[in-house]
Amino acid sequence: MADCILVLDAGTTSTRAMVFAGDGTMEAVAQAELTQHYPRPGWVEHDAGEIWDKTLKCAREVVGQDAPRIAAIGITNQRETVVAWDRNSGEPLARAIVWQDRRTADFCATMKADGHEVMVQKRTGLLLDPYFSGTKMRWMLDHDAAVQAAAQNGSLAFGTIESWLVYKLSGGAHISDASNASRSLLLSLDGAQFDSDLCELFGVPPAALPEVVDTHGRLADCDPQWLGAAVPICGLAGDQQSATIGQGCLSFGETKATYGTGAFVLTNKGREIPHSDNRLLGTVLYQENGERTYAIEGACFVAGSLIQYLRDQLNLIGSAAETEELARSIADSGEVVIVPALAGLGAPHWLPDARGVISGLSFASGRAQIARAALEAMAHQTHDLASAFAADGAPWTHLRIDGGMSANDWMAQDLADILEIEVERPDFIETTALGAAILAAVGCGLHADLETAALTMRSETTTFSPKMDGDVRTSRLARYSKALSAA
């Protein structure tokens with residue numbers, strides 16, 4: 001009996017395959033790390049062939065001989081990362097440019113100087129920043145001979161990671177779900193397909209772009225050669241939209257924050273096309289039968305990657321889990337403050353050229369102080385976002401958190417203290433994958449609708465309530481504000 005969902009979770013640092021039962025129980029998981037390529041400062045690339053090979057290997061590992069049990073496939077992915085491939089060979093033409101990459105900063109600055117940002121934001125909900133997919137496509141067209149040649153002979157295909165994986169799995173379907181497409185700078189929030197005027201503005205040929213489809217439904221079929229059965233692909237969503245669905249934020253005003261490689265906050269805005277006066281983003285949360293539900297979003301580019309940096313580059317810690325023990329070992333950070341702008345600053349500042357700052361160092365500063373300051377930086381960045389959301393008329397009454405960093409109890413409590421609201425964490429924190437499972441379960445008919453699926457498949461939660469002294473909180477935020485000005 002086909003009663004399980006296969007989720008492919010193609011993240012930034014790793015790709016995973018997971019099997020979920022219809023009640024949301026995770027039955028199997030396989031994971032493989034992805035190689036990070038840094039050819040120049042500010043540049044980040046992935047090998048799209050490696051992503052496909054390792055994703056397929058993980059999928060085969062968890063499915064084994066049980067393909068008949070898989071009712072559908074759901075895919076969630078690192079957003080904005082762009083793959084260029086050849087339609088004839090089905091192979092990548094260049095390394096994928098990752099969402100963190102800043103190489104198009106000058107192009108974005110020129111576009112802003114030419115006065116395009118107001119129109120772009122009004123139509124797409126996005127700002128002119130290297131973060132988004134469209135400028136990466138333009139860069140490939142301008143600088144890569146293989147991409148240029150494919151564009152000239154009509155064989156060029158552009159897509160984000162979910163689009164790439166569907167293409168490979170299906171043997172040629174070139175689609176992108178509305179949540180990922182809305183991150184491209186090429187889709188009007190009220191437009192069914194990519195906008196020809198925006199494509200012209202950014203110099204991206206519409207013929208190279210995928211068809212925009214719903215986030216759930218029967219979207220494509222997996223070729224039997226890969227898993228041993230023609231499993232339908234029934235759920236697609238960018239990782240942050242998927243986590244929002246996995247957290248059950250299906251009603252207007254409900255908010256989640258994911259602390260993974262970066263930190264991303266989304267608030268459900270229902271059928272209302274969002275507009276921000278405080279440099280937040282409007283985005284598609286999900287699309288069903290052509291009807292869209294929207295979200296307003298704030299994105300911080302560095303969260304868990306800061307902890308990875310302390311571990312791998314500075315050798316200050318042996319594991320991410322060690323940060324909680326270090327944070328608890330001292331009463332405070334000794335006035336050490338970290339502004340984690342290692343890949344520029346995202347919302348609400350949008351400063352691609354900003355760089356990280358560690359301030360307040362003294363001879364008393366050691367590993368513990370720096371580790372604690374790194375965790376405190378998560379609450380500080382989130383507080384910046386909370387202020388912007390409130391100014392845009394979307395204040396948070398509580399916050400649902402997830403992602404790998406949220407497992408850190410000290411950090412979760414610090415969020416509640418600095419934000420002065422209750423913070424809820426599900427017992428099963430892999431809500432990005434769970435959201436893709438929910439979408440696919442609805443898309444293939446295992447559950448009647450998203451509300452039913454979320455109610456059935458979500459786990460219990462733990463709540464953290466604020467308890468920090470007000471003077472301590474005020475002092476913390478003042479020190480962060482001062483350090484921020486130096487970034």
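Two strands are taken to pair if DSSP finds at least two bridges between them. By that criterion, strand 11, residues 216-221, pairs with strand 12 in this predicted model: 3 bridges join the two strands, which run antiparallel. One of the bridge partnerships links Asp221 to Pro232 in strand 12.

Let me stay with strand 12 for a moment. Strand 5, residues 70-77, is also joined to strand 12, here by 5 bridges, and these two run parallel. Within strand 12, Gly235 is the bridge partner of Gly74. Is strand 12 enclosed or open? Of its 7 residues, spanning 232-238, 7 are buried, so strand 12 is largely enclosed by the rest of the structure.

I turn next to the open sheet. Its 7 strands follow the order 15-16-14-13-19-20-21, with mixed pairing. Strand 15 (281-288) and strand 21 (461-464) stand at the edges; each has a single partner strand, so one side of each is left without a neighbour in the sheet. On average, neighbouring strands of this sheet are turned by 30 degrees against each other, direction ignored. At one end of the order, strand 20, residues 422-426, pairs with strand 21 in the antiparallel sense over 4 bridges, and Arg425 has Thr462 in strand 21 as its bridge partner.

Which strands does helix 10 lie across? They are strand 13 (255-259), strand 14 (263-270), strand 15 and strand 19 (398-402), and the helix runs at about 65 degrees to strand 15.

Helix 10, residues 239-246, also meets helix 15, residues 431-443: their axes come within 7 Å and cross at roughly 80 degrees. Angles of 65 to 115 degrees count as roughly perpendicular, and helix 10 and helix 15 are therefore roughly perpendicular to each other. From helix 10, the contact includes Asp239, Ser242 and Ile245; from helix 15, it includes Thr431, Leu434 and Ile438. The residues of this contact divide into 6 nonpolar, 5 polar and 1 charged.

Finally, some backbone details. Most residues other than glycine have a negative phi, and most peptide bonds are trans. Glu80, in the loop between strand 5 and strand 6 (83-86), has a positive phi near 70 degrees. Glu80 is buried, with a relative accessible area of 1%. Arg279, in the loop between strand 14 and strand 15, has a positive phi near 60 degrees; this residue is partly exposed, with a relative accessible area of 27%. Lastly, a cis peptide bond joins Ala347 and Pro348, with omega about -5 degrees. Pro348 lies in the loop between strand 17 (337-339) and strand 18 (357-359).

How values were computed. Residues are numbered from 1 along each chain as its sequence is written. This is a predicted model: local features need pLDDT of at least 70, side-chain atom pairs count only at pLDDT 80 or more; totals for chains, interfaces and linings use all residues. Side-chain values use heavy atoms; hydrogens and water are left out. Axes are lines fitted to C-alpha atoms, for helices over the stretch in contact, and angles run from 0 to 180 degrees between N-to-C directions. Angles under 35 degrees count as roughly parallel, over 145 as roughly antiparallel, 65 to 115 as roughly perpendicular and the rest as oblique. Contact means heavy atoms within 4.5 Å. Ala, Val, Leu, Ile, Met, Phe, Trp, Tyr, Cys and Pro count as nonpolar, Asp, Glu, Lys and Arg as charged, and the others, Gly among them, as polar. Buried means under 20% relative accessible area, exposed over 50%, partly exposed in between (1.4 Å probe, protein chains only).
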